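Hi,

Here is the structure I said I would pass on. Have a look at it first, and then read my notes below.

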Amino acid sequence: MIEVVRADITTLDVDAIVNAAHRRLTGGGGVDGAIHAAAGPELKRASSAFAPLAVGDAVITPGFHLRARYVIHTVGPIWHGGSQGEPELLRSAYERSFAVASRASVRTIAFPSISTGAYGYPRERAARIALDVMRENQAHFERIVACVFDPGTESLYRLLLDGAPG
């Protein structure tokens, strides 16, 4: 089951939340900073052991002070117009996150809109990739959440999830 939820991802009651991280895995702005702040300093110590993480890859750490048991850190691509492998790298970030989650027996997982903030990936293109990979993996999970932060992204995800033309 795929759900679209507008919320602070750090508050969700799921097995794992996905962090749209930078390669150093030390926290930063946006969702990355929020997750690190909510999880506590232990998250930085645990995640930085995997740095630098390649774009499109994913690793898992405990959730520490979060409701989620785990944080899956993935690095999405910076948008350069789409000609530098960005779609493949973004797809890989979602696919690797699902693979890591499966190995940890995660049944419920929440994703932010990876790469659409500071990395500049166009929201609709990113949402189409995200939902495509979510649909491919939904049989293996009890609940998949597309956690968005603003009404515009929420509307876009709902429209694409409902299969409306566009």
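Before the sheet, one convention: two strands are taken as paired if DSSP finds at least two bridges between them. Also keep in mind that this is a predicted model.

**The sheet**

With that rule, you get an open sheet of six strands in the order β1-β6-β5-β2-β4-β3, and the pairing is mixed. The edges are β1 (2–6) and β3 (58–62); each has a single partner strand, so one side of each is left without a neighbour in the sheet. On average, neighbouring strands are turned by 25° against each other, ignoring direction.

One pairing to look at is β5 with β6: residues 108–111 and 143–148 run in the parallel sense and share four bridges. F111 has A146 in β6 as its bridge partner, and F111 will come up again further down.

Two helices to look at against this sheet are α2 and α5. Helix α2 (residues 41–48) packs on the sheet and touches β3 and β4 (70–75), with its direction at about 140° to that of β3. Helix α5 (residues 151–161) lies across β1 and β6, and runs at about 165° to β1.

**Rings around F111**

The count of aromatic pairs comes to four. In one of them, Y94 and F111 sit 5.2 Å centre to centre with 35° between the planes, which is a tilted arrangement. This pair ties together distant parts of the chain, since Y94 belongs to helix α3 (residues 86–103) and F111 to strand β5, 17 residues apart. Y94 and F111 are both buried.

F111 also pairs with F98: the ring centres are 4.9 Å apart and the planes are at 45°, so this pair is tilted. Here too the link is between helix α3, which holds F98, and strand β5, which holds F111, with the two positions 13 residues apart in numbering. Both F98 and F111 are buried. If you want to select the whole group in your viewer, ring pairs link Y94, F98, F111 and F141 into a cluster.

**Charged pairs**

Side chains of opposite charge can pair when their charged atoms come close. How many salt bridges does a search of the whole structure find? The search gives 12.

Among them is R67 with D13, where the closest N and O atoms are 3.6 Å apart. R67 is in the loop between β3 and β4 and D13 in the loop between β1 and β2 (16–21), so to speak a long-range link, 54 residues apart. R67 is exposed, at 55% relative accessible area, and D13 counts as exposed too, at 52%.

The two loops are also joined by D15 and R69, whose closest N and O atoms are 3.9 Å apart. D15 is in the loop between β1 and β2 and R69 in the loop between β3 and β4, again 54 residues apart. In this pair D15 is buried, with a relative accessible area of 17%, whereas R69 is partly exposed at 44%.

A local case is R128 with E124, with the closest N and O atoms 2.7 Å apart. R128 and E124 are four residues apart in helix α4 (residues 123–137), which means they are separated by about one helical turn. R128 is partly exposed at 35%, and E124 is partly exposed at 36%.

There is also a network of salt bridges that links R91, E95, D132 and E136.

**Backbone oddities**

Most residues other than glycine have a negative phi, and most peptide bonds are trans. Against that background, here are some spots to check.

- A51 and P52 are joined by a cis peptide bond, with omega at about -5°; P52 is in the loop between α2 and β3.
- L25 is not a glycine, but has a positive phi of about 55°. L25 is found in the loop between β2 and α1 (30–39), and counts as buried at 1% relative accessibility.
- S105, also not a glycine, has a positive phi of about 60°. S105 lies in the loop between α3 and β5. Is S105 buried or exposed? With a relative accessible area of 54%, S105 is exposed.

Cheers

Terms used:
Residues are numbered from 1 along each chain as its sequence is written. This is a predicted model: local features need pLDDT of at least 70, side-chain atom pairs count only at pLDDT 80 or more; totals for chains, interfaces and linings use all residues. Side-chain values use heavy atoms; hydrogens and water are left out. Axes are lines fitted to C-alpha atoms, for helices over the stretch in contact, and angles run from 0 to 180 degrees between N-to-C directions. Contact means heavy atoms within 4.5 Å. A salt bridge is a side-chain nitrogen of Lys or Arg within 4 Å of a carboxyl oxygen of Asp or Glu. Buried means under 20% relative accessible area, exposed over 50%, partly exposed in between (1.4 Å probe, protein chains only). Rings of Phe, Tyr and Trp (its six-membered ring) pair if their centres lie within 6.5 Å; planes under 30 degrees apart count as stacked, over 60 as edge-to-face and the rest as tilted.
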